[in-house]
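This report describes a protein and its ligand. It takes up the fold, the nonpolar core, the surroundings of the ligand and one strand residue.

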Amino acid sequence: MKKIKIKWNKKGKRISAAASKKELGFLTYFYPDDTAGKRNVEINYLYVKPAYRRCGIATKLLKFFLDKFKNVTWVSFWTAESSEKDKSYPLYHKLGFKDVYYQPDYYRKGVGTRLFVKRMKNNFSLWIKDQKRPLFLPIENLLKQNFIPF
Ligand SMILES: CC(C)(COP(=O)(O)OP(=O)(O)OC[C@H]1O[C@@H](n2cnc3c(N)ncnc32)[C@H](O)[C@@H]1OP(=O)(O)O)[C@@H](O)C(=O)NCCC(=O)NCCS
């Protein structure tokens, strides 16, 4: 296969994989609409054209994405109907995602959706009384001090 080029359209929140200027796959994402702002990011859809599957394109897209978002706290995504059919979960496990929840009958009877998450930063935020901002502490430090987060 020709050399795969990865392009990031920040404005469109879209990462694409192309060879000879032809798009072969893409990944879209968004920030959850909550008060956490841009601390967490969610993958909306990951897609590779059927003729180009199992050549590592989705792996490339995900690795690029994870590298660009290594400073967020969580990356999450719900599997699409198609991935429920073709059982492509090993891809997400290989890249460190954990399968944390299954919602049956989500798309239709018998076809559910699965929540995958990857913790990017092992930091806890601690809001100490009288401080204006939360403190971000590595989990190892907290464990050393026998601190139990709640
Ligand atoms: C899921 C999808 C993005 C995978 O794309 P891809 O480019 O073929 O994935 P990769 O080549 O990077 O696969 C890497 C590994 O993931 C696993 N994997 C990928 N597709 C798989 C499948 N259908 N069944 C089982 N394992 C699969 C394998 O372990 C594979 O490694 P291998 O080929 O050495 O065995 C693609 O099949 C697709 O577009 N599906 C339709 C849309 C979809 O389901 N999107 C995901 C949810 S949003």
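## Fold, core and ligand shell

From the N terminus on, the elements of the protein follow the order β-β-β-β-α-β-α-α-β-β-β-β-α. That comes to four helices and nine strands. The model is a predicted one. Of the 150 residues in the protein, 14% are buried. Among contacts between residues at least 6 apart in sequence, 44% join residues at least 24 apart.

The largest nonpolar core has 19 residues. Those with the most contacts inside this core are Leu 27, Leu 46, Ile 57, Ala 58, Leu 61 and Leu 62. Two or more core residues come from each of the elements β2 (14-19), β3 (22-30), β4 (40-48), α1 (57-68) and β5 (74-78). The largest share, five residues, is that of α1. Leu 27 touches Ile 15, Ile 43, Leu 46, Leu 61, Leu 62 and Phe 65, leaving aside residues up to four places away in sequence.

The ligand is surrounded by 20 residues, and the closest are Arg 53, Ala 58, Thr 59, Ser 83 and Leu 91. Ala 58 is thus named for the ligand and also for the core, where it is among the residues with the most contacts. At least two residues of the shell around the ligand are supplied by each of β4, α1, α2 (81-86) and α3 (89-94). The element that gives the most to this shell is β4, with four residues. The table sorts the shell by class.

| Class of residue in the ligand shell | Count |
|---|---|
| Nonpolar | ten residues |
| Polar | six residues |
| Charged | four residues |

Thr 28 is placed in strand β3, an element that also gives two or more residues to the largest nonpolar core. Is Thr 28 itself buried, partly exposed or exposed? Thr 28 has 17 C-beta neighbours inside 10 Å and therefore counts as partly exposed; a buried residue would need 20 or more. Not counting residues up to four places away in sequence, Thr 28 touches Lys 13, Arg 14, Asn 44 and Tyr 45. With Tyr 45, the C-alpha to C-alpha distance is 5.3 Å, and the two residues are 17 residues apart in sequence.

Definitions and conventions: Residues are numbered from 1 along each chain as its sequence is written. This is a predicted model: local features need pLDDT of at least 70, side-chain atom pairs count only at pLDDT 80 or more; totals for chains, interfaces and linings use all residues. A nonpolar core is a set of buried Ala, Val, Leu, Ile, Met, Phe, Trp, Tyr and Cys residues joined through C-beta atoms within 7 Å. A residue is buried if 20 or more other C-beta atoms lie within 10 Å of its own, exposed if 12 or fewer, and partly exposed in between; C-beta atoms are placed from the backbone. Two residues are in contact if their C-beta atoms, placed from the backbone, lie within 7 Å. A residue is near a molecule or strand if its C-beta atom, placed from the backbone, lies within 6 Å of it. Ala, Val, Leu, Ile, Met, Phe, Trp, Tyr, Cys and Pro count as nonpolar, Asp, Glu, Lys and Arg as charged, and the others, Gly among them, as polar.
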